[in-house]
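Take a look at the model shown here before reading on. This briefing goes through the two chains and picks out a sheet and a helix to look at more carefully.

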Amino acid sequence: LHFGAVGVNVLAAPSGPWPSPEGANQFGPPPFAQDLNALAPTYLALLKINPDYHFDSNRPGAQAVSFVARVKDRDGNVLATVRVPDPDANPWVRYREGKLADWLGRDLPVPPPQGDVLAAPGQQTKTVKVWEPVIPPHVFQLKEVPEHLVPRNRPVFQPSPMSFMLARSYARYLCRVHGGASVEVVRHNKDVIPPSLLLQDGPPPEAFDENTGSFGDLQP
Amino acid sequence: VSKLRPTTSAIKATPPARQAAAAGQADGAEGPAIALASSSWVRFWFTPVDPLGLHALRVLAGLLFLYWLVPFAGNVEALFGLGGWFDLQAYADLGRGIREAGGTLPVNWSVLFLCGTDPTALAVVYWLSLAVLVLFALGVLPRLTALLTWVVVASFVATPAILDDADRVLPILALYLLVGYVLLGQGTPGRPLPWRLLGPLWPFGRRAAEDPFWRRESVAANVALRLLQVHFALVMVVSGLHKLQFGDWWAGLALWYPLHPPAETHLSDVLALRPSAGPYLFLLSLASYAGIAWQLAFPVFAWRRGWCRVVLLGGAVLGWLSMAFVYGIPVFGPALVVFCLAYLTPAEWRRLTDPLTRLLRRRPAANNPARRGTAAGASALVTPRG
C-alpha cells in the first residue's frame, strides 16, 4: 500500500511537453491515478515523501536569471542594493538564491484578446500585468494594461503568479531588513545558448544578449 | 517484529513453500511459481541481517544532513523563516491562489513554523537541529535521535521557493532510517522500557559491545534497508523516464545546457569549440544516453553483486561529479552516493569497514597501549565488536 501510494503519486504528475495538434503541450495525469491519488493526499505529504521526482535538473535549457533589488526610503533614496544570486555568498546559499531567481524568470504567454471587451456598467475593465518593451528589444517594464489592449501583433508575456508573488515577498523581506519603504526589482535574464550555434557559420550575436525587466517599485 | 521474523534456516527451506511446490508439481507449473515468488518475497523483506549496513548508513546520512544544513548558518532567517524570502504573507497568497484555481492546498508542516517570525527562536531551533544530527551520526540514543532527525529534515524542506532536487530525496533517507531504528532490536526479550523507547545510550564502550542492539541480526534492519532500496530505485526510474519527456535528452544534447550556462558563455567560447564540434557532441550525447541508461536500468543492477557493484557505485560517483561540476548542485551528488551504498550487503560493508577498524585499533595501540580501549570505541561508531 505504501509503495502503491508512492507510485500513484508519481503517475498523478502532469507530463510533457508532448507534441500535439495544437503544438507542444503539457498533459494531465491519467484519471485513474488522479482519482486514486486523491484518496490519501495527506499520507505522503505528512511523511514528506510526496514529490513526483520530476527533478528540475532533468529539464534541459534553463535560462540564466538574476535580479537586482534596490531598497528605497520614502523619498526614493536608495538605501541598499542587493544582487541575487550574490557572487560573494557561499555556494550552498548562492545555489538557493539561484533557485529564487529562477522563479522570477518564469513567464507565461498572455493570450491575445479575442475581441473588444467592454466593462459592465459601473465596473472597470479587467487589467493584466504584461512585460512592455521600453527600449526594444531587450529592456522591459512590467505594466498594467486593460485586457482588451494587450497587443495582438507580437507575443506578449507576463510573470507567472508564483514569480510575482515571490518578487513581492522578497521585497517585503528587504524592507524589513533595511527599513525601506519600497524595493525596485530588476530582472536580468539570458536565453539558453542552443547547441545548434556550434554548427552555424555565423552565430547571431544577439543570441548572447541580456534582457532586462523591471517589476517596478514594490511596496510591502 | 519478532512474530514476523522467520529463522534463517526456515527462509532457506520454507516448509509451506516446499509443500506448495510439491503440490504444484502434481497440479501443474503454477504452484511452484507461486511458492517460489512467495518465498522470494519473504526472503527479500524479512530475512534477519547484520545491522552493520543500517549503522553505516546512519553515520553517512548524519554527515550528509550536516553537509546539507551547516552552510546555511547565518542565513537561516532569510531562507527558512516566516519573515524571510518566502514570508507568512506569501504562504497566504499561495494558498489563496491555489484555492482560486480550484486546487486543494497541499499539507505542509515544519517545526520552524512554530518559531513564527522570531529570528532568535529560529536560530535556537537551527542549532539544536545541528546538535540532533551530530548525535544521530554518533549513534547516541538512536531511536530518539532518528525520530528527531526525520523531524529536522522534514522541517527544513518546507519552503517552496528554494526547494531543490536534494530536498526531494533527503526525507526518504531520514524516514526509513527512522523506521529501522525504531524497530531495531524490539524483539529482544528482557530489555527495559527506556531502551525500547530511546535505544541504547551510545555505541561506545564495553556495554555497547555487549548490547544486542548494535550487532544482532535483525529483520527491522532488513525491512528499513529494503524500503530505502525499493523507494530509491523507483526514484531513479521515474527520473529517467522524466528525462525522456524532453527532446534534448533524446537528441543527446541535454548536457550541453548546464555545461554552457547562458550567464557564463560567450560567443568566443562557442567559436573555440567549433573545430571539435563533431567529437564534442558525440561525447556529450554518449554521456547523456549513458546517464539515462544507468537510471532506467537501475533496478536491474542495483541488487546484484560482482561487476554490477562497479556499475552501481561507479555510476553514483560519476553522478556526484556531474552534479557538482556540470550542474553546480551541491547536495544531490553526495546523496546519490549514500543512497547507492544502501544496496551493499552486510558482508560487503564488513569488507569495507574491517580495514578501518583494524587501522583505528592498531594506531593508538602503537602510540599508546593504554588508549586501546578508546580506539575500539571509535571503531564502534558504526558497530561495536565484542
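Here is a quick tour, chain by chain. Keep in mind that this is a predicted model. Chain A has 5 helices and 10 strands, while chain B has 22 helices and 0 strands.

**Chain A overall**

- Chain A has 220 residues, and 45% of them are buried.
- Its C-alpha atoms fit in a box of roughly 60 × 60 × 50 Å along the principal axes.
- About 11800 Å² of chain A is exposed, with 56% of that coming from carbon and sulfur atoms.
- Take the contacts in chain A between residues at least 6 apart in sequence: 61% of them link residues at least 24 apart.

**The sheet in chain A**

- Try tracing the open sheet of 6 strands in chain A, which runs in the order β4-β3-β9-β10-β7-β6 with mixed pairing.
- At its edges sit β4 (78–84) and β6 (127–135) of chain A, each pairing on one side only.
- Going from one strand to the next, the twist averages 25°.
- Inside the sheet, β7 (residues 139–146) and β10 (residues 210–218) of chain A pair in the parallel sense over 3 bridges. Here Gln141(A) stands opposite Ser214(A) in β10(A).
- Helix α4 (residues 91–104) of chain A packs on the sheet and touches β3 (64–72), β4, β9 (182–190) and β10 of chain A. Its direction is at about 90° to that of β3(A).
- Helix α5 (residues 161–178) of chain A packs on the sheet too, touching β3, β4, β6, β7, β9 and β10 of chain A. Its direction makes about 60° with that of β10(A).

**Chain B overall**

- Of the 386 residues in chain B, 49% are buried.
- The accessible surface of chain B is about 17800 Å², and 68% of it belongs to carbon and sulfur atoms.
- For contacts in chain B between residues at least 6 apart in sequence, 75% join residues at least 24 apart.

**A helix with two faces in chain B**

- Helix α17 (residues 277–296) of chain B has 20 residues, so at 1.5 Å a residue it should span 28 Å; the end C-alpha atoms are indeed 28 Å apart.
- Which residues of α17(B) are buried? They are Ala277(B), Leu281(B), Leu284(B), Ser288(B), Ile292(B), Trp294(B) and Gln295(B).
- These buried residues cover an arc of only 160° around the axis, so they lie on the same side of α17(B).
- An α-helix has 3.6 residues a turn, so residues three or four places apart point the same way.
- On the face of α17(B) turned away from the buried side, you'll find the exposed residues Pro279(B), Phe282(B) and Leu283(B).

How values were computed. Residues numbered from 1 in each chain as written. Chains lettered and ligands numbered in written order. Predicted model: local features only at pLDDT ≥ 70, side-chain atom pairs only at ≥ 80, totals over all residues. Heavy atoms only, no water. Helix = DSSP H or I, 4+ residues; strand = E, 2+ residues; numbered from the N terminus. Expected span 1.5 Å × (residues − 1). Buried < 20%, exposed > 50% of the residue type's maximum accessible area, 1.4 Å probe, protein only. Arc of directions from axis to C-beta. Contact = heavy atoms within 4.5 Å. Areas by Shrake-Rupley, 256 points an atom, 1.4 Å probe, with all protein chains shown as cover. Pairing = 2+ DSSP bridges. Axes fitted to C-alpha atoms, helices over the stretch in contact; angles between N-to-C directions.
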